[in-house]
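I kept this notebook page while going through a structure, one lookup at a time. Pull up a chair and follow along.

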Amino acid sequence: MKLAIIVAMDEADLIGKENDLPWRISADLQFFKKTTMGKPIVMGRNTHESIGRPLPGRRNIVLTTQQDYRAEGCDVIHSIDDIKSLCNDADEVMIMGGASLYSQCFFMCDTLYLTRVHTTLSGDTWFPKWQAAEWNLISEESHSADEKNQYDYSFLKYERIMSS
């Protein structure tokens, strides 16, 4: 089982504002759906509550410290270690946020699916500090803003450089 992070961030690694995305990029939502479909997705409680429902076509897993938390249509876990036991038959498990979950799982992830939004915005939630030099860029696809996509953006796929 490989762990992957999927995230959209601006040029300053901003990922959120008031528990929502600080931009409107329809293509990113389509990319997210295409990339995660059929795979287990792991999210923190706040991310789950901001979405408001389980995402169809994927096993939805909510990680929270609240022992009595229930989320209809989702598996609720209380430890990162539970991801491996719950998803041991999956080829790739997608970590989809928020910031706290990214911080906790970043060191364990092999792949980073990044939508880079080519602007700098204001917000309140950032991706953890990371070094692109520790990752190999596998693919890059750049797009211009249009009527459905507020800013220029790129889809980037990185794989962690394994130390020998």
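**Entry 1: Asp-13**

Where is the place of Asp-13? I found Asp-13 in the loop between β1 (2–10) and β2 (14–16). A reminder to myself before going on: this is a predicted model.

Next I asked myself whether Asp-13 is buried or exposed. Asp-13 counts as buried, because its relative accessibility is 12% and the cut-off for buried is under 20%.

I then looked up the company that Asp-13 keeps. Setting aside neighbours within four places in sequence, I noted contacts of Asp-13 with Arg-116, Thr-125, Trp-126, Phe-127 and Trp-130. With Arg-116 there is also a polar contact, side chain to side chain, of 2.9 Å.

**Entry 2: Phe-106 and its ring partners**

Phe-127 had just turned up beside Asp-13, and I followed Phe-127 to the aromatic pairs. How many aromatic pairs does the count come to? I wrote down six aromatic pairs. One of them joins Phe-106 and Phe-127 edge-to-face, with 5.7 Å centre to centre and 80 degrees between the planes. Phe-106 sits in the loop between α4 (99–105) and β7, and Phe-127 in the loop between β8 (125–126) and β9 (135–143), so this pair ties together parts 21 residues apart in sequence. I checked accessibility as well, and both Phe-106 and Phe-127 are buried.

The two rings have further company: ring pairs link Tyr-102, Phe-106, Phe-127 and Trp-135 into a cluster. I also spotted Arg-160 over the face of Phe-106, 5.3 Å from the ring centre.

**Entry 3: Thr-115 in β7**

From the loop I moved on to the strand. Thr-115 belongs to strand β7, residues 111–117. With a relative accessibility of 1%, Thr-115 counts as buried. Which residues does Thr-115 touch, not counting residues up to four places away in sequence? My list reads Val-7, Ala-8, Met-9, Asp-28, Phe-31, Tyr-153, Ser-154 and Phe-155.

**Entry 4: Asn-149**

I turned to Asn-149, which is found in the loop between β9 and β10 (153–160). Asn-149 counts as buried, at 5% relative accessibility. Leaving out neighbours within four places in sequence, I recorded Arg-24, Ile-25, Ser-26 and Ala-27 in contact with Asn-149.

What do the polar atoms of the Asn-149 side chain meet? One polar atom of this side chain lies 3.0 Å from the backbone nitrogen of Ser-26. The side chain of Asn-149 also makes a polar contact of 2.9 Å with the side chain of Asp-146. As a ruler check, I took the C-alpha atoms of Asn-149 and Tyr-113: they are separated by 18 Å, with the two positions 36 residues apart along the chain.

**Entry 5: Salt bridges**

Arg-24, a contact of Asn-149, led me to the charged pairs. Side chains of opposite charge can pair when their charged atoms come close. How many salt bridges does the structure hold? I noted five salt bridges, and I went through some of them.

- Arg-24 and Asp-20 meet through their side chains at 3.2 Å, N to O. Asp-20 is partly exposed, with a relative accessible area of 40%.
- Glu-49 and Arg-45 meet at 3.1 Å, N to O. Both belong to helix α2 (residues 45–51), and because they are four residues apart there, about one helical turn separates them. Glu-49 is partly exposed at 40% relative accessible area, and Arg-45 is partly exposed at 23%.
- Arg-59 pairs with Asp-75, their closest N and O atoms being 2.6 Å apart. Arg-59 lies in the loop between α2 and β4 (60–63) and Asp-75 in strand β5 (residues 75–77), so this bridge ties together parts 16 residues apart in sequence. Arg-59 is partly exposed at 35% relative accessible area, and Asp-75 counts as partly exposed at 27% relative accessibility.

**Entry 6: Cysteines**

How many disulfides does the structure hold? I wrote down zero. Cys-74 is in no disulfide, and the nearest cysteine sulfur, from Cys-87, is 13 Å away. Cys-74 counts as buried at 13% relative accessibility. Cys-109 is in no disulfide either: the nearest cysteine sulfur belongs to Cys-105, at 5.8 Å, while the cut-off for a disulfide is within 2.5 Å. Cys-109 is buried too, with a relative accessible area of 1%.

How values were computed
Residues numbered from 1 in each chain as written. Predicted model: local features only at pLDDT ≥ 70, side-chain atom pairs only at ≥ 80, totals over all residues. Heavy atoms only, no water. Helix = DSSP H or I, 4+ residues; strand = E, 2+ residues; numbered from the N terminus. Buried < 20%, exposed > 50% of the residue type's maximum accessible area, 1.4 Å probe, protein only. Contact = heavy atoms within 4.5 Å. Phe/Tyr/Trp six-rings, centres within 6.5 Å; stacked < 30°, edge-to-face > 60°. Lys NZ or Arg CZ within 6 Å of the ring centre and 35° of its normal. Polar contact = N/O pair within 3.5 Å; in protein donor to acceptor, adjacent residues only side chain to side chain. Salt bridge = Lys/Arg side-chain N within 4 Å of Asp/Glu carboxyl O.
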